Amino acid sequence: MTGVLRSRIAAFAFALTLAVAALLVASPALARVERYAVIAGNNAGLRGEVELRYAEADALKVHDVLVGIGGFPPSNVTLLRGGGAEAMRRALISMNSRIRQDITGGGVEAVLVIYYSGHGDARALHLGNTLMELPEIEQLARGSAAHFRLLIVDACRSGALTRVKGGTAAPPLTIRTEARLAGEGVVFLTASSANEDAQESDALGGSFFTHYLTSGLMGAADDDRNDVVTLDEAYRHVSEATIRATSQTLAGTQHPTFRYELRGQGKLALTVLPARAAHRGTVELPAGRTYLLLEGGSQGPIVAEVAATDASRRLSVKPGRYFVRGRGKDFLLEGEITVEAGRTLAVADGMLSRAEYARLVRKGHEGVEASHGAQAGYRLRTAFHAGESPCQGAFAGYTLELRQLSVMPRLGACRGGFENDTLRASVDQLDLEVRVAHAWDFPRVTLDLGVSAGAGVLQQAFETRGVAAPRTSFVGFLGTGVGLMVDLPSGFYLLGQVDAQTYFFQQAKRGAEGSAPISAEFAVRPLAGLGKRF
């Protein structure tokens with residue numbers, strides 16, 4: 001075989017491979033792809049089941065993403081919100097009939113996506129007070145004439161759909177989704193395994209699973225950053241993000257499951273991220289921290305999330321006004337942005353305002369219940385009597401910042417004394433106090449007003465030509481005062497505080513029985529220090 005012939009055969013094989021690949025991906029050159037979807041959400045379940053808050057809203061989110069950037073014409077999508085099992089059944093039968101008619105005559109390949117969010121168990125979906133058995137919805141998906149069928153179920157124990165006969169659902173992250181998916185077949189994607197509950201989040205305004213699914217389809221799952229989100233990228237993203245988020249919930253970790261029965265080669269594109277589409281805009285977020293995108297303002301619904309670990313930092317969104325919230329280790333970045341159609345907006349940290357966590361706690365920020373951290377610094381107490389020097393020393397403590405109050409336990413020590421012609425004395429004080437304060441936040445500083453109580457020991461030692469035994473006094477004190485804090489980067493802050501305190505002490509006399517009566521003294525105690533919040 002000549003070299004020319006070999007080259008021609010190789011070129012032909014390469015061209016044939018490209019043609020087959022093009023036929024199987026989302027936008028084939030040799031066949032028109034039509035996309036269809038039946039999307040259902042129902043907040044109500046069977047009698048006695050708690051009504052869900054976000055199942056119907058989740059269905060609307062999926063609808064908007066598939067229509068907006070998934071290539072699903074609105075006329076090909078059926079959205080059911082609150083319908084029963086019969087409505088779901090009719091919608092699937094009708095869609096299957098339409099697909100069969102549309103592909104008659106060839107030249108058209110069909111993709112069908114079925115999505116359900118609501119109550120369910122290992123046997124059936126609970127649509128209101130009606131049941132749709134899992135084998136029935138599975139049969140309606142398998143029986144479709146569509147070349148590719150994707151069934152997504154966000155319901156409790158929905159992983160029963162992915163159970164293999166004679167076994168149990170495989171651990172979700174052991175499935176090799178990197179394998180090339182076929183252009184023909186059926187895929188099942190469920191929010192939880194066969195013995196787990198699917199969880200909703202008030203903070204996210206939806207289920208964990210659907211939140212991360214739609215975020216991934218909008219761009220967060222685009223690991224290879226080619227502006228196309230494929231099925232395997234979407235599954236990998238929703239699985240890892242759902243496991244990570246639910247591992248911190250009271251209900252426990254939720255494991256999405258994945259099962260595919262496919263033929264051929266290729267990857268199915270679920271969404272395409274148009275950078276310059278007339279009806280979409282692109283938001284590009286900085287790396288290194290997690291960002292939430294909220295629609296309209298700080299109280300609007302959460303549109304999408306990009307995690308600190310996500311390779312892709314771009315989201316395709318509808319034009320409009322959004323609120324960006326980025327979570328750092330010690331602070332939050334927040335601010336409003338406006339996204340224009342056909343434009344990419346690169347969000348920089350300098351465009352957002354920074355708020356330390358203690359301020360967020362006092363603002364009652366959702367999801368931030370407390371801030372805490374160590375503090376230490378210099379302290380001074382004025383003298384009790386004329387002729388004494390101030391008592392100077394140091395303090396160390398820990399601060400717990402709550403919404404209404406700050407609680408600050410502190411351990412302090414200082415040394416003072418006095419001197420005259422015949423006597424030199426040193427006075428050492430060691431004490432423990434708890435200060436409780438209420439704070440007011442201003443643009444660059446925080447002012448607080450607090451009260452304190454504590455107890456300690458005063459130890460006096462004397463140097464003289466005569467005899468003067470050391471004395472120990474046990475003290476208690478009450479005080480009130482003001483504090484001023486200036487925020488620094490990385491969670492640090494400078495602290496200044498002045499307290500007026502009244503000391504009560506009972507003096508124990510060495511070498512004599514009993515003790516002196518309780519007496520009171522007044523002092524002013526300034527202090528300055530450095531703190532760190534966590």
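## The second largest pocket

Let's start with an open space: the second largest pocket of this predicted model holds about 340 Å³. It is lined by 15 residues, and those closest to its centre are Lys61, Asp64, Glu295, Val303 and Lys318.

Where does the lining come from? Helix H2 (55-69), helix H5 (208-220) and strand S15 (302-306) each give at least two residues. H2 provides the largest share, with five residues. By character, the lining of this pocket consists of nine nonpolar residues, one polar residue and five charged ones.

## Helix H2

Since H2 gives the pocket so many of its lining residues, five in number, the helix deserves a visit of its own. Its 15 residues should span 21 Å at 1.5 Å a residue, and the C-alpha atoms at its ends are 21 Å apart, so the two values agree.

Is H2 buried or exposed? The helix is largely enclosed by the rest of the structure, because 11 of its 15 residues are buried. The buried residues are Ala55, Glu56, Asp58, Ala59, Lys61, Val62, His63, Val65, Leu66, Gly68 and Ile69. Lys61 therefore has two roles in this picture: a buried residue of H2 and one of the residues closest to the centre of the second largest pocket.

## A closed space beside the helix

The structure also holds six cavities of 30 Å³ or more. The second largest cavity has a volume of about 50 Å³, and its lining is made up of Val62, Leu66, Val113, Leu150, Ile152, Leu213, Leu217 and Leu270. H2, strand S6 (148-154) and H5 are the elements that contribute two or more residues to this lining.

What is the character of the residues around the second largest cavity? Eight are nonpolar, with no polar and no charged residues in the lining. Val62 and Leu66, both part of this lining, are also among the buried residues of H2.

## After the helix: Gly71 and Asn76

Just past the end of H2, Gly71 has a positive phi of about 75°. Further along, Asn76 sits in the loop that runs between H2 and strand S2 (77-81).

Asn76 has a relative accessible area of 2%, so it counts as buried. Which residues does Asn76 touch, leaving aside its neighbours within four places in sequence? They are Glu34, Arg35, Tyr36, Ala37, Met95 and Arg98. With Arg98 there is also a polar contact of 2.5 Å between the two side chains.

Methods:
Residues numbered from 1 in each chain as written. Predicted model: local features only at pLDDT ≥ 70, side-chain atom pairs only at ≥ 80, totals over all residues. Heavy atoms only, no water. 1 Å grid on protein atoms, 1.4 Å probe; cavity = no way out; pocket = protein on both sides within 12 Å on 5 of 7 lines; lining within 4 Å. Points joined across faces, edges and corners; volume = space filled by probe spheres on them. Helix = DSSP H or I, 4+ residues; strand = E, 2+ residues; numbered from the N terminus. Nonpolar A, V, L, I, M, F, W, Y, C, P; charged D, E, K, R; others polar. Buried < 20%, exposed > 50% of the residue type's maximum accessible area, 1.4 Å probe, protein only. Polar contact = N/O pair within 3.5 Å; in protein donor to acceptor, adjacent residues only side chain to side chain. Contact = heavy atoms within 4.5 Å. Expected span 1.5 Å × (residues − 1).
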